[in-house]
Amino acid sequence: MVSDFEELSIYQQSRALAKQVYEITRRSEFKYDTRFVQQIRASSGSISDNIAEGFERQGNREFLQFLYIAKGSCGEFRSQINRAYDAQFISKETYEQMYADCRKL
């Protein structure tokens, strides 16, 4: 039985994705578009934040609701990596890897 949200694989994966976003947005042309950096960081962080918050509510119904919110944040993030790729802020390889990681979530 899982006793802490940090033990959840989905939380660990979403946290790794957010960490990657922070690393990418600190470099390249990304760092000059401060509004976009704030948006993509917020959406990537929102995924793990909602998983954690739902888990801490300690009710399956509320946890499920927060997982749906996390899924919505994941959709928002996918849209943003599409834009980042189109703007040539990230490489095709980075885009494909992040997109695949997000779809797994």
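Biologist: How does Arg-57 count by relative accessibility, buried or exposed or partly exposed?
Modeller: This is a predicted model. Arg-57 has 39% relative accessibility. Buried means under 20%, and exposed means over 50%. The value lies in between, so Arg-57 counts as partly exposed.

Biologist: With which residue does Arg-57 meet in a salt bridge of 2.7 Å, N to O?
Modeller: A salt bridge needs a side-chain nitrogen of Lys or Arg within 4 Å of a carboxyl oxygen of Asp or Glu. Arg-57 supplies the N, and the 2.7 Å distance fits that limit. The partner is partly exposed, at 35% relative accessible area. That partner is Glu-53.

Biologist: How far apart are the closest N and O atoms in the salt bridge of Arg-57 with Glu-62?
Modeller: Glu-62 counts as partly exposed, at 32% relative accessibility. Its side chain forms a salt bridge with Arg-57. The closest N and O atoms are separated by 3.2 Å.

Biologist: Which residues are linked in a network of salt bridges?
Modeller: Arg-57 meets Glu-53 in a salt bridge. Arg-57 also forms a salt bridge with Glu-62. Side chains of opposite charge can pair when their charged atoms come close. The network links Glu-53, Arg-57 and Glu-62.

Biologist: What is the N to O distance in the salt bridge of Glu-96 and Lys-92?
Modeller: Both residues lie in helix H4, residues 92–104. They are four residues apart, about one turn of the helix. Their side chains meet in a salt bridge, with an N to O distance of 4.0 Å.

Biologist: What is the relative accessibility of Lys-92?
Modeller: Its salt-bridge partner is Glu-96. Glu-96 is partly exposed, with a relative accessible area of 43%. Lys-92 also counts as partly exposed, and its relative accessibility is 46%.

Biologist: How many salt bridges does the count come to?
Modeller: Arg-57 pairs with Glu-53. Arg-57 pairs with Glu-62 as well. Glu-96 pairs with Lys-92 in helix H4. The count of salt bridges comes to three.

Biologist: How do H2 and H3 run, roughly parallel or antiparallel?
Modeller: Helix H2 covers residues 34–56 and helix H3 covers residues 60–86. Their axes are 8 Å apart, at an angle of about 160°. Angles over 145 degrees count as roughly antiparallel, so H2 and H3 are roughly antiparallel.

Biologist: How do the residues of the contact of H2 with H3 divide into nonpolar, polar and charged?
Modeller: H2 passes H3 in a left-handed crossing. The residues of this contact divide into 14 nonpolar, eight polar and four charged.

Biologist: What is the hand of the crossing in which H1 passes H2?
Modeller: H1 and H2 pack with their axes 9 Å apart, at about 165°. That makes H1 roughly antiparallel to H2. The crossing is left-handed.

Biologist: Which element gives the most to the largest nonpolar core?
Modeller: The core has 25 residues, and Phe-30 and Phe-77 have the most contacts inside it. Helix H1 (9–25), H2, H3 and H4 each give two or more residues to it. In soluble globular proteins, nonpolar side chains tend to be buried together. Seven of the core residues come from the element that gives the most, H2.

Biologist: Which residue in the loop between H2 and H3 has a positive phi of about 60° although it is not a glycine?
Modeller: The residue counts as exposed, at 72% relative accessibility. It is found in the loop between H2 and H3. The residue with this phi is Gln-58.

Biologist: What is the phi of Gln-88?
Modeller: Gln-88 is found in the loop between H3 and H4. At 68% relative accessibility, Gln-88 counts as exposed. It is not a glycine, yet its phi is positive, about 65°.

Biologist: How far apart in space are Gln-65 and Ser-48, C-alpha to C-alpha?
Modeller: Gln-65 sits in helix H3. It is partly exposed, at 46% relative accessibility. Gln-65 and Ser-48 are 17 residues apart in sequence, and their C-alpha separation is 14 Å.

Biologist: What separates the C-alpha atoms of Arg-103 and Phe-36?
Modeller: Arg-103 is in helix H4. It is exposed, with a relative accessible area of 52%. Arg-103 and Phe-36 are 67 residues apart along the chain, and their C-alpha atoms are separated by 21 Å.

Conventions: Residues are numbered from 1 along each chain as its sequence is written. This is a predicted model: local features need pLDDT of at least 70, side-chain atom pairs count only at pLDDT 80 or more; totals for chains, interfaces and linings use all residues. Side-chain values use heavy atoms; hydrogens and water are left out. Axes are lines fitted to C-alpha atoms, for helices over the stretch in contact, and angles run from 0 to 180 degrees between N-to-C directions. Angles under 35 degrees count as roughly parallel, over 145 as roughly antiparallel, 65 to 115 as roughly perpendicular and the rest as oblique. A crossing is left-handed if the near helix is turned anticlockwise from the far one by less than a right angle, and right-handed if clockwise. Ala, Val, Leu, Ile, Met, Phe, Trp, Tyr, Cys and Pro count as nonpolar, Asp, Glu, Lys and Arg as charged, and the others, Gly among them, as polar. Buried means under 20% relative accessible area, exposed over 50%, partly exposed in between (1.4 Å probe, protein chains only). A nonpolar core is a set of buried Ala, Val, Leu, Ile, Met, Phe, Trp, Tyr and Cys residues joined through side-chain atoms within 4.5 Å.
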